[in-house]
Amino acid sequence: MKIAAVGKGNVGGGLADLWEKAGHEVTRIGQDGGDVSDADAVLVAVPGGAIADALEKVQGIEGKTVVDATNLVGAAPPDGFASNAEFVKSKTNGPTAKSFNLNFARLYDQLGQQKNRPSNIWTGDEEAREVVEQLIRDAGYDPIYAGGLENASTQEQGIGLIFAISQATGPFLYRMAPPGEL
Ligand SMILES: NC(=O)c1ccc[n+]([C@@H]2O[C@H](COP(=O)([O-])OP(=O)(O)OC[C@H]3O[C@@H](n4cnc5c(N)ncnc54)[C@H](OP(=O)(O)O)[C@@H]3O)[C@@H](O)[C@H]2O)c1
């Protein structure tokens, strides 16, 4: 797959490395912006409060399948939107998913060393399922579907719980599974 990572920091750069190891071709885009016309999938991994500014500097994103990994730490979604993911969709009118926002980038290099595959929660459009679930698996997680894009705001708020737990445990992995599959 051709992937464009908008944001090339801990998350964007880290996932780009994992996806390249899995055989994908990744273009990394930073604050200067860039063109994503060639991409089959676009990752958005910029500071949550900078999402509107970041998307303005990206060309060719209309209709693209986008995976939004942002968290709103001390920031709100753009006016009129319940979530950053829904804001993204308003700009692209393409398949949109929220994912990777509830997983610590600091642990990306340890995903392959676990007894069981860690989970990665996503919400979003059915049309985004094939792409986002492949990208989740190719990064080293198992996907957990949590409903449509209308649930993205609940997923974004979930970062509060993740941070609260990490105060006690430090960065952690988790796995959600039906009984018998843990
Ligand atoms: N760190 C984690 O464990 C983690 C986990 C899940 C989700 N998240 C979320 O993922 C997002 C990225 O986190 P991160 O830790 O990867 O941050 P980071 O290391 O600080 O990287 C941020 C990236 O965003 C780019 N950027 C900053 N402001 C921008 C703007 N106005 N327009 C365009 N690009 C801009 C930066 O570009 P330059 O490289 O050009 O400076 C950089 O590549 C955040 O929303 C964060 O809350 C983080």
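In helix α1, the residues Val-11, Gly-12, Gly-14, Leu-15, Ala-16 and Trp-19 are buried, and in this predicted model the buried residues of α1 pack against the strands β1 (2-6), β2 (25-29) and β4 (41-44) as well as against helix α4. The helix itself runs over residues 10-21, and its 12 residues reach 16 Å from the first C-alpha to the last, which is close to the 16 Å expected at 1.5 Å a residue. After α1 comes Gly-23, a residue whose phi is positive, near 100 degrees.

From this helix we can turn to the interior of the model. The largest nonpolar core has 42 residues, and those with the most contacts inside it are Ala-5, Val-6, Val-42, Leu-43, Val-44 and Val-67. Helix α4, which covers residues 129-139, gives the most to this core, with 5 residues. To follow one member of the core through its surroundings, take Leu-43: leaving aside its neighbours within four places in sequence, Leu-43 is in contact with Ile-3, Ala-5, Val-6, Gly-12, Leu-15, Val-67 and Ala-69. Two of these partners, Gly-12 and Leu-15, are also among the buried residues of α1.

Helix α1 appears once more around the ligand, which is surrounded by 25 residues, the closest being Gly-9, Asn-10, Gly-30, Ala-54 and Asn-71. Both α1 and α2 (51-56) supply at least two residues of this shell, and the largest share, 3 residues, comes from α1. Sorted by character, the residues of the shell divide into 11 nonpolar, 10 polar and 4 charged.

Methods. Residues are numbered from 1 along each chain as its sequence is written. This is a predicted model: local features need pLDDT of at least 70, side-chain atom pairs count only at pLDDT 80 or more; totals for chains, interfaces and linings use all residues. A nonpolar core is a set of buried Ala, Val, Leu, Ile, Met, Phe, Trp, Tyr and Cys residues joined through C-beta atoms within 7 Å. A residue is buried if 20 or more other C-beta atoms lie within 10 Å of its own, exposed if 12 or fewer, and partly exposed in between; C-beta atoms are placed from the backbone. Helices (H or I, at least four residues) and strands (E, at least two) are DSSP runs, numbered from the N terminus. Two residues are in contact if their C-beta atoms, placed from the backbone, lie within 7 Å. The expected span of a helix is 1.5 Å times one less than its number of residues. A residue is near a molecule or strand if its C-beta atom, placed from the backbone, lies within 6 Å of it. Ala, Val, Leu, Ile, Met, Phe, Trp, Tyr, Cys and Pro count as nonpolar, Asp, Glu, Lys and Arg as charged, and the others, Gly among them, as polar.
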